[in-house]
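Subject: Structure handover and notes

Dear colleague,

Here is the structure that I promised to pass on to you. My notes on it follow below, and I would be glad if you read them with the model open.

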Amino acid sequence: MNQLRLDPLTGRWVAVSVERGERPSAFLPRSASVQADTSRPCPFCPGNEESTPPALETYGSTGNWLVRVVPNLYPAFEGDQPFVVEHRGPVFTQATAGGIHEVLVLSPDHQGSWDRISDEQAGLVMAAIRDRIEEHAQVPGLRYSQAIVNAGREAGASVEHPHGQLLGMSFVPRELAEEQAGFARFAGRCLLCTTVDAEEDAKHRVVYADERVLVICPFWSGTPFEMLVIPRVHGPHLHRAAPADLVAIGRSLRTVLGQLRGSLGDVPYNLVFHSAPYRAPEPYHWHIHVWPKLTTQAGFELGTGVLINIVAPEQATEELRVAVSVP
Ligand SMILES: [Zn+2]
Ligand SMILES: [Zn+2]
Ligand SMILES: [Zn+2]
């Protein structure tokens, strides 16, 4: 069973998940190809549906799915235990970690990474993420959903077939709480609405813009080629976004990830979807981080939290803009 333990030095919860350590690939060298064992059939390709638990949700016609959501075989969070903190000593604080851990297969196509799927497919993936978060929000005891896509072994993907993960959590994680504090600290109107206006005025960090979305290499980028995808319509919750905005966000991701591939080749990356906790009050503005994994955080970064970015976001933007997005 999974357990949360509090790091009293930082105030962060650590999820001790022994089951996830039983994944066949848990400790493979990071440089290994995503799927070391190619003799086994891909669990996410059509025809192999029996190798995963039954789908929680599928999109597309019956027997011809386009997006598929299944329970994670090695969940980091599962069960419906409420979030109860227990003190087992002056520095031993633990909590039960109920929750949900799902896998979202982005496409029936084994090569269908986000930059290679159609705009319609990208919109469908965004709709699936919205639907799952909406469903998680109805589960008693859950407070927050984290959607992610890990692409490439160095970014943490353990199955090659393009997929994402959705975690329903019974507590608000530290990163989110810190961002909420950032919004609350910001004087004036919404922090990200202001960012949209300021970056559009500045122009030279805008990677992609349409009437519904702005993608920038943010002024404060901590890592090379990092991007921030911001919907223009203000709203704290991804699962309350209008369908047209979700379609536009999906398309913008397809475009900028294509530009990333055009510029740097097949690089590993993480997509991190940030949406306010279900019942959180304002202020918050949902958004997506694109974090290409091009460098390793070393002792200084780990020790200080100060990131040293060796590519200025202005330079990254310039390179991304000239790159042709090849679908
Ligand atoms: Zn596959
Ligand atoms: Zn806003
Ligand atoms: Zn964020």
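How much space lies in the second largest pocket? About 430 Å³ lies there, where a pocket is an open set of points on a 1 Å grid over the protein atoms alone, fitting a 1.4 Å probe, with protein on both sides within 12 Å along at least five of seven lines, and lining residues have an atom within 4 Å of a point; the volume is the space filled by probe spheres set on the points, which are joined across faces, edges and corners.

Please keep in mind that this is a predicted model, in which local features need pLDDT of at least 70 and side-chain atom pairs count only at pLDDT 80 or more, while totals for chains, interfaces and linings use all residues. Residues are numbered from 1 along each chain as its sequence is written, chains are lettered from A and ligands numbered from 1 in the order in which they are written, and side-chain values use heavy atoms, with hydrogens and water left out.

The lining of that pocket comprises 25 residues, and those nearest its centre are Ser113, Ala151, Gly152, Glu160 and Asp266. Strand β8 (residues 144-151) contributes the most, with three residues; strands (E, at least two residues) and helices (H or I, at least four) are DSSP runs numbered from the N terminus.

Turning to the metals, the zinc ion (ligand 2) has as its protein donors Cys190 (SG), Cys193 (SG), His234 (ND1) and His285 (ND1), at 2.0 to 2.3 Å, donors being N, O and S atoms within 2.8 Å of the metal (3.2 Å for Na, K and Ca), with water not among the atoms, so that sites may look incomplete. Because Cys193 sits in helix α3 (residues 191-202) and His234 in the loop between β12 (227-231) and α4 (243-264), this pair ties together parts that are 41 residues apart in sequence. Cys193 is buried at 13% relative accessibility, whereas His234, at 33%, is partly exposed (buried is under 20% relative accessible area, exposed over 50% and partly exposed in between, with a 1.4 Å probe and protein chains only).

The zinc ion (ligand 3) is coordinated at 2.0 to 2.6 Å by Glu179 (OE), listed twice, together with His274 (ND1), His287 (NE2) and His289 (NE2). His274 belongs to strand β13 (residues 269-274) and His287 to strand β14 (residues 287-292), so this pair joins parts 13 residues apart in sequence. His274 is buried at 5%, and His287 is buried at 2%.

With best wishes
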